[in-house]
Amino acid sequence: MINYLLRKELTERQKWREHATEAAEISDYCRDEAITAATQWLATPAGLLSNPRSA
């Protein structure tokens, strides 16, 4: 019975670890995409002439 409970908890922990890893990867991807989008916006004439503090 104890082995069953330990195995169950280890499986649950592994599942949450995989979710956390996936969330971190998605976060990194979104951050990189946001940086790229901001860089591309600043490279446009409208981006160069806009005031970033007014947004």
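Burial is scarce in this predicted model, since of the 55 residues that make up the protein chain, 2% count as buried. The surface that the protein chain exposes amounts to about 5300 Å², and 63% of that area is supplied by carbon and sulfur atoms. In terms of secondary structure, the protein chain contains two helices and zero strands. One of these helices, H1, spans residues 2-42.

A nonpolar patch on the surface, with an area of about 370 Å², is formed by Met-1, Tyr-4 and Leu-5. Of these residues, Tyr-4 belongs to helix H1, and the relative accessible area of Tyr-4 is 45%, a value that places this residue in the partly exposed class. Because residues that contribute to a patch must have over 30% relative accessible area, the 45% found for Tyr-4 is consistent with its place in the patch.

Charged side chains were examined next, and three salt bridges were found in the structure. In one of them, the side chain of Lys-15 meets that of Glu-12, with a nitrogen-to-oxygen distance of 3.4 Å. The two residues, Lys-15 and Glu-12, are three residues apart in helix H1, which means that about one helical turn separates them. Both partners can be described by their accessibility: Lys-15 is partly exposed at 37% relative accessibility, while Glu-12, with a relative accessible area of 34%, is likewise partly exposed.

Another salt bridge joins the side chains of Arg-31 and Asp-28, where the N to O distance is 3.2 Å. Here too the spacing along the helix is informative, because Arg-31 and Asp-28 lie three residues apart in helix H1 and are therefore separated by about one helical turn. Arg-31 is partly exposed, having a relative accessible area of 46%, and Asp-28 also counts as partly exposed, at 36% relative accessibility.

Arg-31 takes part in a further contact, since Asp-32 forms a salt bridge with Arg-31 in which the closest N and O atoms are 3.9 Å apart. This distance qualifies because a salt bridge requires the side-chain nitrogen to be within 4 Å of the carboxyl oxygen. Asp-32 is itself partly exposed, with a relative accessible area of 39%. Taken together, Asp-28, Arg-31 and Asp-32 are linked in a network of salt bridges, in which Arg-31 is paired with Asp-28 and with Asp-32.

Methods
Residues numbered from 1 in each chain as written. Predicted model: local features only at pLDDT ≥ 70, side-chain atom pairs only at ≥ 80, totals over all residues. Heavy atoms only, no water. Helix = DSSP H or I, 4+ residues; strand = E, 2+ residues; numbered from the N terminus. Buried < 20%, exposed > 50% of the residue type's maximum accessible area, 1.4 Å probe, protein only. Areas by Shrake-Rupley, 256 points an atom, 1.4 Å probe, with all protein chains shown as cover. Patch = residues over 30% accessible without salt bridge, like charges linked within 9 Å, V, L, I, M, F, W, Y side chains within 5 Å.
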